[in-house]
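Hello,

Here is the structure I promised to pass on to you. Please have a look at it first, and then read on for what turned up.

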Amino acid sequence: MKFKKSCIHYVANNIEQNKPTIFENRVAIIGDIHGESKKLNNLLDKIKKTYSNMETIFCTGDLIDRGPDSKGVVQTCIDNNIVSIRGNHDDLLIRFLFGEVGAFSLCINQGIGGFHTVKSYGINPYGPNAPSDYRQAIPDSHKSYLTSMPMMKIFGIESNSTSSVIPCDKIICILTHAGLGQEDWPYESSVWKDYYRITSTLPSPGIKRRIMYLEKKLSKRMESIEDTILWSHKRNQFLDLNITPKKNIGNTRVIQVVGHTPTQDSKPTLHSNNSVWSIDTGCGKHENAPLSALILPDETYIQSDNDE
């Protein structure tokens, strides 16, 4: 089910265009959580015990709905400084919080599973005053966290790990919920040709310059690609940002990390010419499915225990 965006443009920070972020230590990216707070806490414990130098933890979004404790998930993300980009389920709740007509009805639709989220905040989703009661029951700290979730995060990370899939010095990661598809940035477009020129003809552009270029160009296109990076199941039609004459210019590799579409074997999957990691492993959607986290720059993953 797809919910068309309205004329209300309610968040300005779709992409955080500040000084490019380059991490020197490991980062973890957690897949879609969908209200499964026990699995989230179990996975966080395993990450902390396994990696002592974890610099930041991200999430692909869809913190809420379907599982029993969306409220607990949001609070855990706040308590652990998890940087989550926005998923389509989060977006529906944000639209409701900003007063968009019809958003609450869609939130509690059986296919969306948002009635579980309403219940987690102690409200009967079908009560006579459910919308107003729900809005009041959500703490201000949760509202602030949810409404500040960006659509996209782009960062770099130093890569000297021997376990990386493709050896390189640096990785640029584009993190969205559903991913950038070939239709979002067509290979024949002038913007793509400009990117192609920069990464193939100029002398080894630095990682900061490439990140700034991507942020600038994608921010300008955000209004036209907002729906697709939230809702579209792209399968094998993802954009490969390594398609240039000099494939890993400056020995820098560009990858997308996405959620939204569950992998077939409940394990994070690398595909699309080794340029896209899909890390939604069905948590909250399929019974006994684990919650997963991709570890960069190693490009390994860790999962919650099956009994959580």
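Right after α3 comes Gly99, with a positive phi near 85°. Please keep in mind that this is a predicted model.

The helix before that glycine, α3, spans residues 88–97 and is mostly covered, with ten of its ten residues buried. Among them are Asn88, Asp90, Arg95 and Phe96. What lies over these buried residues includes α4 (103–107), α6 (130–137), α7 (140–147) and α10 (222–231).

How do α3 and α7 pack against each other? Their axes are 10 Å apart and meet at an angle of about 120°, which makes α3 oblique to α7. The crossing of α3 past α7 is left-handed. On the α3 side, Leu93, Ile94 and Leu97 make the contact, and on the α7 side Lys143, Leu146 and Thr147 do. By type, the residues of this contact are four nonpolar, one polar and one charged.

The other place to look at is Thr263, in the loop between β7 (252–258) and β8 (269–271). Is Thr263 buried or exposed? Thr263 counts as buried, because its relative accessibility is 11% and the cut-off for buried is under 20%. Leaving aside residues up to four places away in sequence, Thr263 touches Thr269, Ser278, Asp280 and Thr281. Of these, Thr281 is 18 residues from Thr263 in sequence, yet their C-alpha atoms are 5.3 Å apart in space. Within the loop, the side chain of Thr263 reaches the backbone nitrogen of Ser266 at 3.5 Å.

Best wishes

Note on methods. Residues numbered from 1 in each chain as written. Predicted model: local features only at pLDDT ≥ 70, side-chain atom pairs only at ≥ 80, totals over all residues. Heavy atoms only, no water. Buried < 20%, exposed > 50% of the residue type's maximum accessible area, 1.4 Å probe, protein only. Helix = DSSP H or I, 4+ residues; strand = E, 2+ residues; numbered from the N terminus. Contact = heavy atoms within 4.5 Å. Polar contact = N/O pair within 3.5 Å; in protein donor to acceptor, adjacent residues only side chain to side chain. Axes fitted to C-alpha atoms, helices over the stretch in contact; angles between N-to-C directions. Parallel < 35°, antiparallel > 145°, perpendicular 65-115°, else oblique. Left-handed = near helix turned anticlockwise from the far one by under 90°. Nonpolar A, V, L, I, M, F, W, Y, C, P; charged D, E, K, R; others polar.
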